[in-house]
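Please open the model in your viewer and keep the selection tool at hand. We will take a short walk through it, one stop at a time.

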Amino acid sequence: MKIRILAAGGRMPGWVQEGYNEYAKRLPREISLEMVEIPLGQRGQKNAPALVEKARQKEGEAMLAALSPRDHVVALDVKGKPWSTEQLSQQLEGWQMQGDNVALLIGGPDGLAPDCLARARQRWSLSPLTLPHPLVRVVLAEQLYRAWTLLAGHPYHK
């Protein structure tokens, strides 16, 4: 199974790439984790509402174009359902049983475009806190690794 994280934004600090890579490489061969960066749309100096919406729409179009029709899409959304690590582990097991690849969508500073939310089969909230986007990438990779360790009976979770 391939899990792709489609994240709006780029040019992350080195610690983000190092943290993400650390957990991505720990996953077994049967679960590959890939980061796909989607360029941020131009918002302009004053972040005018029309420019913000146009940028969010452009990001959404790029995300949708990166998906395959069979991808199981999960939108990371503050209004989504929160999952404990154990629940994420159950989700991971279910995704594996389905046999489809999974795409996890991380929106830009203004969230995901409505079309991305509509395409998602699930909406997942990592936290009710507002997390910085670089940190979300690392937390997401670590939690996927932790969920796998639960399934594998690995002692990491203890």
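The tour below visits two helices, a loop and a pocket. Bear in mind along the way that this is a predicted model.

**Stop 1: helix α1**

Select residues 14-26, which make up α1. This helix has 13 residues and runs 19 Å from its first C-alpha to its last, close to the 18 Å expected at 1.5 Å a residue. Now show the side chains: which residues of α1 are buried? They are Val-16, Gly-19, Tyr-20, Tyr-23 and Ala-24. Look down the axis of α1 and you will find these buried residues within an arc of 125°, so they line one face of the helix. Turn to the other side of α1 to meet Glu-18 and Lys-25, both exposed. To see what covers the buried residues of α1, add β1, β2 (32-38) and α5, which are among the elements there.

**Stop 2: the loop before α1**

Step back to Arg-11, in the loop between β1 and α1. The phi of Arg-11 is near 50°, a positive value in a residue other than glycine. Most residues other than glycine have a negative phi. Is Arg-11 buried or exposed? Arg-11 is exposed, with a relative accessible area of 85%.

**Stop 3: helix α3**

Next, select residues 85-98 for α3. With 14 residues at 1.5 Å a residue, α3 should span 20 Å, and its end C-alpha atoms are indeed 20 Å apart. Colour Thr-85, Leu-88, Ser-89, Leu-92 and Trp-95, the buried residues of α3. Seen down the axis of α3, they fall within an arc of 120°, so they line one face of this helix. Gln-90 and Met-97 are exposed on the face turned away from that buried side. What do the buried residues of α3 pack against? Show β1 (2-8), β3 (72-82), β4 (102-106), β5 (122-125) and α5 (133-152) to find their partners. Just after α3, stop at Gly-99, where phi is positive, at about 85°.

**Stop 4: the largest pocket**

Finish at the largest pocket, which holds about 470 Å³ of space. It is lined by 20 residues, and those closest to its centre are Leu-76, Asp-77, Val-78, Leu-131 and His-133. Which elements give two or more residues to this lining? β3 and α5 do, and β3 gives the most, with three residues. Colour the lining by class and you get 10 nonpolar, seven polar and three charged residues.

Methods. Residues are numbered from 1 along each chain as its sequence is written. This is a predicted model: local features need pLDDT of at least 70, side-chain atom pairs count only at pLDDT 80 or more; totals for chains, interfaces and linings use all residues. Side-chain values use heavy atoms; hydrogens and water are left out. Helices (H or I, at least four residues) and strands (E, at least two) are DSSP runs, numbered from the N terminus. The expected span of a helix is 1.5 Å times one less than its number of residues. Buried means under 20% relative accessible area, exposed over 50%, partly exposed in between (1.4 Å probe, protein chains only). The arc is that of the directions from the helix axis to the C-beta atoms. Contact means heavy atoms within 4.5 Å. On a 1 Å grid over the protein atoms alone, a cavity is a set of points where a 1.4 Å probe fits but cannot get out, and a pocket is an open set with protein on both sides within 12 Å along at least five of seven lines; lining residues have an atom within 4 Å of a point. Grid points are joined across faces, edges and corners, and a volume is the space filled by probe spheres set on the points. Ala, Val, Leu, Ile, Met, Phe, Trp, Tyr, Cys and Pro count as nonpolar, Asp, Glu, Lys and Arg as charged, and the others, Gly among them, as polar.
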